[in-house]
Amino acid sequence: MRTSHITIIDNSFSDIKRVDKQLKKFSQIQKPFLIKIKGIDSFAVKKKIGIKKYSHKDSLIYLIENNNSLVKIRKNLLKQLNHLTTKDRLIQWLEENPYLSKRSLDNIKKYGTPFGLKEWKFHVTIGLISKEKKKNTIDKIKKLNIQESFIIDHIELFIRKNGWTPFKKYPLKRKNPNP
């Protein structure tokens, strides 16, 4: 992943044209919304969900304040797109970690990720960072005391092609009053 992003749904779909159609429709009714950063952190992907290829790196993230717009978007998109999901993502998770709990497996089948609706924590993924540089980097960024907010004005579809690759942007059309 080369782009900072907030993951809303992580899954595999059977028909990209139908996903595209649903996202176009959705972007016409969703207005832009404000996100507030509340700090910086990281998580060890290997430790959290056991993906071997990330054993030497962690995800560097901005924590964001709870946001009802993101929760609603996630629920709406899951409802609109779930009938198009395939078992590819489940197979990938099982190959990367054959010891997932029953709850994690059920969540993957439902949501494409081991994290259900209540466990899902929205964050801005900045990128991957080596374990050796992580503490120093986070300490430096914390000193900046970042308390920024920004408008989410589009959603973007990523496809898996030599890793996750941006495929198409969908501008959010409804006008937002000044934040």
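Select Asn-67 and show its side chain, which reaches the backbone oxygen of Leu-34 at 2.8 Å. That pair falls under the term polar contact: N or O atoms within 3.5 Å, where within protein one must be able to donate a hydrogen and the other to accept it, and residues adjacent in sequence count only if both atoms are side-chain atoms. Asn-67 sits in the loop between strand E2 (57–64) and H3. Helices (H or I, at least four residues) and strands (E, at least two) are DSSP runs, numbered from the N terminus.

The model is predicted: local features need pLDDT of at least 70, side-chain atom pairs count only at pLDDT 80 or more, and totals for chains, interfaces and linings use all residues. Residues are numbered from 1 along each chain as its sequence is written, and side-chain values use heavy atoms, with hydrogens and water left out.

Stay on Asn-67. Is this residue buried or exposed? Asn-67 is buried, at a relative accessible area of 13%. The cut-offs are under 20% for buried, over 50% for exposed, and in between for partly exposed (1.4 Å probe, protein chains only). Now display Phe-33, Leu-34 and Ile-35. Asn-67 is in contact with these three, once its neighbours within four places in sequence are left aside. Contact means heavy atoms within 4.5 Å.

**Next stop: H1 and H3**

Select residues 16–29 for helix H1. Add residues 68–81 for helix H3. The two axes come within 10 Å and cross at roughly 145°. Axes here are lines fitted to C-alpha atoms, for helices over the stretch in contact, and angles run from 0 to 180 degrees between N-to-C directions. The H1–H3 crossing is right-handed. A crossing is right-handed if the near helix is turned clockwise from the far one by less than a right angle, and left-handed if anticlockwise.

Show side chains at the meeting place. From H1 come Val-19, Gln-22, Leu-23 and Phe-26; from H3 come Ile-73, Asn-76, Leu-77, Gln-80 and Leu-81.

Pick Asn-76 out of that group. Asn-76 is partly exposed, at 35% relative accessible area. Draw a C-alpha to C-alpha distance from Asn-76 to Phe-26. The two are 50 residues apart in sequence and 8.7 Å apart in space.

**H4 and H5**

Select residues 88–96 for H4 and 102–111 for H5. How far apart are their axes? The axes are 8 Å apart, and the helices pack at an angle of about 150°. H4 and H5 are therefore roughly antiparallel to each other. Roughly antiparallel means over 145 degrees; under 35 is roughly parallel, 65 to 115 roughly perpendicular, and the rest oblique. H4 passes H5 in a right-handed crossing.

Light up Arg-89, Leu-90, Trp-93 and Leu-94 in H4. They meet Leu-105, Ile-108 and Lys-109 in H5.

Now go to Lys-102 and Arg-103, both in H5. Lys-102 is exposed, with a relative accessible area of 60%. Arg-103 also counts as exposed, at 57% relative accessibility. Each has a partner 12 residues away in sequence. For Lys-102 the partner is Pro-114, at 9.6 Å from C-alpha to C-alpha. For Arg-103 it is Phe-115, at 8.8 Å from C-alpha to C-alpha.

**Two strand residues**

Select Thr-125 in strand E3 (residues 123–130). Thr-125 is buried, with 12% relative accessible area. Show its side chain together with that of His-123. The two side chains make a polar contact at 3.3 Å.

Move to Phe-167 in strand E6 (residues 164–171). Phe-167 is partly exposed, at 44% relative accessible area. Show Ile-16, Leu-157, Phe-158 and Ile-159. Phe-167 touches these residues, not counting those up to four places away in sequence. Leu-157 is 10 residues from Phe-167 in sequence and 5.5 Å away in space, C-alpha to C-alpha.

**Zoom out**

Color the whole chain by secondary structure. There are 6 helices and 6 strands. From the N terminus the order is α-β-α-β-α-α-α-β-α-β-β-β. Of 179 residues, 39% count as buried.

Switch on the surface. The accessible surface comes to about 11,700 Å², and 52% of this belongs to carbon and sulfur atoms. Accessible areas come from the Shrake-Rupley method with a 1.4 Å probe; for residues, only the protein chains shown count as cover.

End with contacts. Among those between residues at least 6 apart in sequence, 73% join residues at least 24 apart.
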